[in-house]
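Good morning, everyone, and thank you for making the time. I would like to walk you through a structure that will be new to most of you, so please have the sequence and the model open while I talk.

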Amino acid sequence: MKQVLESKYTPLIIPIVLLWVKTYIAYKVAFDITIENGLQEFILFINPLPFLFIVFGIALFVKEKRRNLYILISHLLISILLYSNVVFYRFFSDFITLPLIYQPGNFKGLDESFWAEIFLFDIFYFVDFFILAYLMWKKHHLFNISGISNLQRKVYFLMTAGLIFINLGISHLQSPDLFDRNFDREQLVKNIGPYNYALYDFYLQTKTSAQKVFAEDNDLIDIKHYIDSHFVKPNPDYFGIAKDRNVIVISLESTQNFVINRTVNGKEITPFLNDLMEESYYFNNFYHQTGQGKTSDSEFIVDNSLYGLGRGAVFFTHPKNEYMATPEILANHGYTTASFHANTKVFWNRDEMYQSLGYDRFYHLDYYDVTDDNSIGWGLKDIPFFEQSVSLLKELPQPFYAKLITLTNHHPFVLDESDTFIDTNVTESATLNQYLATVRYEDEALRLFFEQLKEEGLYDQSIIVIYGDHNGIIEKDFEVLSDFLGKEYNAHTVVEMQQVPMIIHIPGQEGKTISTVGGQIDLKPTILHLLGIETEGQLNFGHDLFSLDHPNLAIFRDGRFVTDQYIFAENTCYVKDSGKIIDGSYCEHYHDIVTKELNYSDQIIYGDLIRFYHKDLYDIKKE
């Protein structure tokens with residue numbers, strides 16, 4: 001047996017075992033994968049093997065003089081794939097998908113953030129490659145494959161097929177709807193592994209790419225019926241209270257709601273926002289719903305009341321689609337529409353996507369005076385950004401719809417000492433400390449912006465909508481953040497950390513805190529109803545946050561959700577207020593809604609279905 005093993009199978013066993021062990025270590029160290037029982041642990045343990053057996057089994061058919069090179073290159077490529085997922089997961093708490101290749105230009109802008117997530121000990125992910133190369137060089141006799149018969153090859157691949165059957169069979173028992181919920185990448189990776197997931201992702205990409213070709217107008221029937229049957233009427237007390245006013249929408253970079261009304265070292269983190277809330281409509285149960293598109297996802301969701309995609313960013317994958325976004329609707333009501341962002345126009349493919357969304361103007365980096373003194377990290381600091389933007393706002397014909405996107409509060413949260421308004425050295429996480437400081441700077445920038453609006457006569461004739469675009473503290477710092485907040489670190493707390501500020505300020509209106517559970521997908525109908533524009537008949541998955549019939553539901557891109565009573569995360573149902581784990585049947589009612597809405601939204605985007613929608617059904621005609 002020893003002789004057979006050494007002469008025939010060692011060249012395959014060595015790289016398979018090295019990668020198998022490394023992958024399992026990565027599961028436990030680099031990825032936050034929840035294991036609920038021993039069977040799930042067993043699946044996690046074996047799921048790299050089927051892929052590795054297939055890849056290295058091909059070596060049995062490779063000519064001897066090229067066999068070692070094939071094994072070595074395969075090992076390196078698999079190691080690169082694993083490590084890429086490790087680094088990506090540190091930053092996004094997610095796994096790489098194929099559509100990300102559509103946005104290589106974005107990674108240039110992410111250089112500083114990504115370098116902050118690369119560490120010296122990452123060499124571990126390539127040590128086994130050098131071990132393999134050394135063994136091939138020094139112990140080359142171990143890598144001689146000779147005398148392999150066709151029968152032995154068949155036995156090898158029959159054993160591989162058996163592993164696949166065991167892996168998929170047990171996974172199906174644990175998660176019967178695994179492949180129906182392809183937006184839940186953690187479940188997929190937990191069951192089939194990152195390598196098989198990469199193959200499955202390729203299949204999904206091929207499938208979704210074909211959807212637009214084969215789409216037809218009948219595909220909208222069920223979707224339209226679902227949306228129409230779930231429409232909620234606007235609250236008559238709020239409908240039209242901001243009619244004909246300018247709309248200024250401010251997207252706060254990486255700003256989470258936990259900073260609101262919180263102090264460090266006796267000083268408020270957001271003193272201006274805390275005061276503004278008192279004279280505004282503040283929604284204290286509002287969640288970001290972004291996926292891999294991050295800021296671009298939040299823009300897409302807010303403007304369209306559609307969900308972002310589970311894989312990649314719509315701004316890159318479907319910029320040529322037909323949309324019926326807020327800017328286009330308001331343009332049909334006589335509004336000038338513009339977006340302001342002191343970054344390059346091609347970042348997140350905004351220059352192309354904004355045309356499809358109906359923006360008249362895009363004030364990008366070329367419109368701003370950016371110097372070494374007024375920029376840091378990602379570009380123009382927020383204070384000069386708002387200051388220069390006011391000058392541009394004054395040029396717009398009124399009424400206007402203007403979206404301003406801040407930059408300074410972006411990972412890794414770099415700030416000049418002269419811009420530090422608060423001592424935030426309060427936790428063991430340098431990232432969290434820096435984050436609190438950049439949030440405080442952002443808050444000061446907002447205060448100055450409001451003063452400028454008043455000075456220029458724009459304040460009284462506008463409504464100002466302020467929301468956080470996505471979370472800023474990434475998963476590796478969640479435990480420290482939980483300690484900072486005085487909460488237990490678990491899946492329930494992680495969901496609560498997805499809350500972002502949402503404030504609607506209407507000068508002349510009294511302030512009010514509203515506890516409706518909602519998300520970014522609700523902003524489009526909310527804004528339009530405040531302006532007195534009907535949304536019934538539109539393809540919106542969101543609902544007016546002021547409506548008395550709002551469903552109190554926020555759906556996340558990965559299938560988690562929040563209601564006014566429950567939180568569902570990592571296949572566990574929690575009581576929202578207490579965090580107590582309860583029977584899953586309490587959350588079961590919502591699963592069909594969550595799956596249906598995410599899938600319907602995907603169908604609209606992948607099939608470009610709005611091109612079939614009759615625009616005369618929209619209430620967009622100028623009154």
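I will go through a surface patch, a sheet, the pocket and cavities, and finally some backbone details.

Before anything else, please keep in mind that what you see is a predicted model.

Let me start at the surface, where Ile-13, Val-17, Val-21, Ile-25, Val-29 and Phe-124 form a nonpolar patch, and together these residues have about 460 Å² of accessible area. Helix H1, which covers residues 2–29, gives the most to this patch, with 5 residues. One of the patch residues that you may like to find is Ile-25, which has its place in helix H1. Is Ile-25 buried, partly exposed or exposed? With a relative accessible area of 33%, Ile-25 counts as partly exposed, because that class takes in the values between 20% and 50%.

Let us turn now to the sheet. Here 5 strands form an open sheet with antiparallel pairing, and their order is E15-E16-E17-E18-E19. The edges are taken by strand E15, residues 553–555, and strand E19, residues 581–582, and each of these has a single partner strand, so one side of each is left without a neighbour in the sheet. If you look at how E15 is joined to strand E16, residues 561–563, you will find 3 bridges between these two strands, which run antiparallel. Across that pairing, Ile-555 stands opposite Phe-561 in E16.

The next topic is empty space. The largest pocket holds about 850 Å³ of space, and its lining is made up of 43 residues, of which Ser-93, Glu-186, Glu-475, Asp-558 and Arg-560 lie nearest its centre. Which elements supply at least two residues each to this lining? They are helix H4 (64–92), helix H9 (185–214), helix H19 (491–496), and two strands that we have just met in the sheet, namely strand E17 (566–569) and strand E18 (572–575). The largest share of the lining of the largest pocket comes from H4, which gives 4 residues.

Apart from pockets, the structure holds 4 cavities of 30 Å³ or more. The second largest cavity has a volume of about 90 Å³, and it is lined by 13 residues, of which Phe-231, Thr-535, Asn-540, Gly-542 and His-543 lie nearest its centre.

Let me finish with the backbone, and with a general remark to set the scene. Most residues other than glycine have a negative phi, and most peptide bonds are trans. Against that background, the peptide bond from Gln-398 to Pro-399 is cis, with omega near 0°, and Pro-399 lies in the loop between helix H16 (382–393) and strand E10 (400–405). The peptide bond from His-411 to Pro-412 is also cis, with omega near 10°, and Pro-412 has its place in the loop between E10 and helix H17 (430–455).

As for phi, Asn-261 has a positive value of about 60° although it is not a glycine, and you will find Asn-261 in the loop between strand E1 (246–252) and strand E2 (263–264). Asp-608, another residue other than glycine, has a positive phi near 50°, and Asp-608 lies in the segment after helix H21 (585–606). Is Asp-608 buried or exposed? Its relative accessible area is 5%, and Asp-608 is therefore buried, since the cut-off for that class is under 20%.

Note on methods
Residues are numbered from 1 along each chain as its sequence is written. This is a predicted model: local features need pLDDT of at least 70, side-chain atom pairs count only at pLDDT 80 or more; totals for chains, interfaces and linings use all residues. Side-chain values use heavy atoms; hydrogens and water are left out. Patches are made of residues with over 30% relative accessible area and no salt bridge: like charges are joined within 9 Å, nonpolar side chains (Val, Leu, Ile, Met, Phe, Trp, Tyr) within 5 Å. Accessible areas come from the Shrake-Rupley method with a 1.4 Å probe; for residues, only the protein chains shown count as cover. A salt bridge is a side-chain nitrogen of Lys or Arg within 4 Å of a carboxyl oxygen of Asp or Glu. Buried means under 20% relative accessible area, exposed over 50%, partly exposed in between (1.4 Å probe, protein chains only). Two strands pair if DSSP finds at least two bridges between them. On a 1 Å grid over the protein atoms alone, a cavity is a set of points where a 1.4 Å probe fits but cannot get out, and a pocket is an open set with protein on both sides within 12 Å along at least five of seven lines; lining residues have an atom within 4 Å of a point. Grid points are joined across faces, edges and corners, and a volume is the space filled by probe spheres set on the points.
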